[in-house]
Amino acid sequence: MKLSEYVTHDGVGLAELVARGEVTPAELASTARLASEAVNPQINAVVETWPAQDAPAPGSTPLAGVPFLIKDLAVAMAGQRTELGSRLAAGNVATSDSSLMARFRCAGLVTLGRTATPEFAYSTTTEGVLYGATRNPWDPTRSPGGSSGGSGAAVAAGIVPLAHATDAAGSIRVPAAANGLFGLKPTRGRISMGPDADEVFNGLAVHGALSRSVRDSAALLDLVHGPEAGDPYAAGRPERPYAQEVTRSPGSLRIGLLTRPWGGRTVDGTIIDATLRSARLAESLGHRVEEVRVDLGVSWEDFVLANARLWTTNLVTWIDGFAAAFGRPVDSTTLEPEALAAYAYGRRVSGAEFVHALATRNGVARALGRYFTDHDLLLTPTLPELPVPLGTYADGAEEADGLGWLRQVFHRSPFTAPFNVAGTPAMSVPLETDPATGLPVGIQFAAGYGREDVLFRLAGQLEQAAPWAQRTPSVWAGRHDRG
């Protein structure tokens, strides 16, 4: 299969070719490797590849035989390295599959490598020391977002049609917006974090994916959602498969419009214009859109403080664990300044402060829950600005403490983190581009707890009304046919 043909199909489309016998999983894996060889040197999205280990039966699932990549964090594949983007964890090899990895195999995905992440996923740009900066395929001088920036850049450049991602403060939706992709953060408890964890970052983090089509994300969530034995809680089972929701009418939804972020930072004019155009699109489809103010239940400073306490105390345990396992020091030879600052800050957080942070998490969840009793969705920009130049996040990073660094991260993506704290689903949809640069602009839609069904219905409708599949970045595997 030529690369120019390979990139025209999403994952479900490739699986249909496999089911009809027009191509084999092995041939697709070979094509994906060629795609990586063609474009990865320009974007540094994939940090390691390996030969295919799985040979799924054609047609056994909606994604059987589809090439896939996993993020270098939070998912373990037996015999492969999981380094969390950190020198401290360099060489860490998984001894067994995590629950999600086992489900990826059962889903028929053929995992061929791992993608870049910033150290311990503690950023919304992907510029780590261990493997170097990942570049945005639309403009390689800019960030692809993070922390799932490697997965975002790989999918956007056409290496694979979809890839694993995680999201603790926007790390699916930020790369989706930066790279012109669809990305849905599921409800807390929708996908198991087991068996080595019941929660990650006290429930702020979830697994998910980045894809070029809505139906790919829906099909994958159908195949991997649900609890594992010992999970402390689980989101309720959906009424029907999410893949079916993509083609169902959402009806007339009541959608709140929020263009001013919590915290009050300025949103670029081109982003506001794109968001208002998306609101008008939603209205043209029969939805009721009204400007709203949404109470978080706490001040923005208290919100950031609670997140900093939860993030950094969790990072202390990760860092201490890897330092002990490998006999490595916790210093600038093993950790970047942001992680070192988080470690120092987290060690100072008291037990009472930690419990207070959990209470803040509850307060935010209750406040947003009240909003969703009156509205079906909330519409916001995903990001307040276009993808930033590489190196932007480094300004002031050396001097920041754990709280200061997270304040900077949240300043760059203030619309996304509240839904991690509340545990509710949210998606970034690539509805817009910036007229001056051609860079993608993501629009976020958030829903109440457990309502991925509503999001998928609307996403399918939007994809039909304002399709984005024909937009391709400057770094694109489809331009690299051989022979």
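What radius of gyration does the protein have, and what would a compact globule of 483 residues have? The protein comes in at 21 Å, and a compact globule with 483 residues would be near 23 Å, so the two agree. The radius here is taken over C-alpha atoms, and the globule rule is 2.2 Å times the number of residues to the power 0.38.

A few ground rules before going further. This is a predicted model, in which local features need pLDDT of at least 70 and side-chain atom pairs count only at pLDDT 80 or more, while totals for chains, interfaces and linings use all residues. Residues are numbered from 1 along each chain as its sequence is written, and side-chain values use heavy atoms, with hydrogens and water left out.

**Overall picture**

Along its principal axes, the C-alpha trace spans about 60 × 60 × 45 Å. The secondary structure adds up to 15 helices and 13 strands; these are DSSP runs numbered from the N terminus, helices being H or I over at least four residues and strands E over at least two. Of the 483 residues, 61% count as buried, where buried means under 20% relative accessible area, exposed over 50%, and partly exposed in between (1.4 Å probe, protein chains only).

The protein exposes about 17000 Å², with carbon and sulfur atoms supplying 50% of that. Those areas come from the Shrake-Rupley method with a 1.4 Å probe, and for residues only the protein chains shown count as cover. Look at contacts (heavy atoms within 4.5 Å) between residues at least 6 apart in sequence, and 79% of them join residues at least 24 apart.

As for charge, there are 41 positive and 50 negative ones, and their mean positions are 3 Å apart. Lys and Arg count as positive and Asp and Glu as negative, leaving out His and the chain ends; each charge is placed at NZ of Lys, CZ of Arg, CG of Asp or CD of Glu.

**A strand covered on both faces**

In a regular strand the side chains alternate between the two faces of the sheet. Which residues of β7 sit on each side? In β7 (residues 182–185), F182 and L184 are on one side and G183 and K185 on the other, and all of them are buried.

This strand has neighbours, too. Two strands pair if DSSP finds at least two bridges between them. β7 runs antiparallel to β8 (residues 206–211), joined by 3 bridges, and F182 stands opposite S211 there. With β12 (residues 426–433), β7 again pairs in the antiparallel sense over 3 bridges, and L184 has M427 as its bridge partner.

**Helix α2 and two buried residues**

Helix α2 (residues 11–19) is mostly covered, with 7 of its 9 residues buried. Those are G11, V12, G13, L14, A15, L17 and V18. They pack against α1 (3–6), α3 (25–43), β2 (67–71), β6 (162–167) and α7 (214–224). Just past the helix, G21 takes a positive phi of about 80°.

One of the helices that α2 packs against, α3, holds A29. A29 is buried at 2% relative accessible area, and it touches A52, P67 and L112, leaving aside residues up to four places away in sequence. R142 is 113 residues from A29 along the chain, and their C-alpha atoms are separated by 29 Å.

Over in β9 (residues 254–257) sits I255, buried with a relative accessible area of 0%. Its contacts, again not counting residues up to four places away, include R288, V289, Y371 and H375. I255 and H375 are 120 residues apart in sequence, yet 6.0 Å apart in space, C-alpha to C-alpha.

**Backbone oddities**

Most residues other than glycine have a negative phi, and most peptide bonds are trans. Here are some exceptions, with their loops:

| Site | Value | Where |
|---|---|---|
| G146 to S147, cis | omega about 5° | S147: loop between β5 (132–133) and α5 (149–156) |
| G194 to P195, cis | omega near 0° | P195: loop between β7 and β8 |
| L84, positive phi | phi near 55° | loop between β2 and α4 (99–106) |
| A121, positive phi | phi near 60° | loop between β3 (110–115) and β4 (127–128) |

Are the two positive-phi residues buried or exposed? L84 counts as buried at 9% relative accessibility, and A121 counts as buried at 7%.
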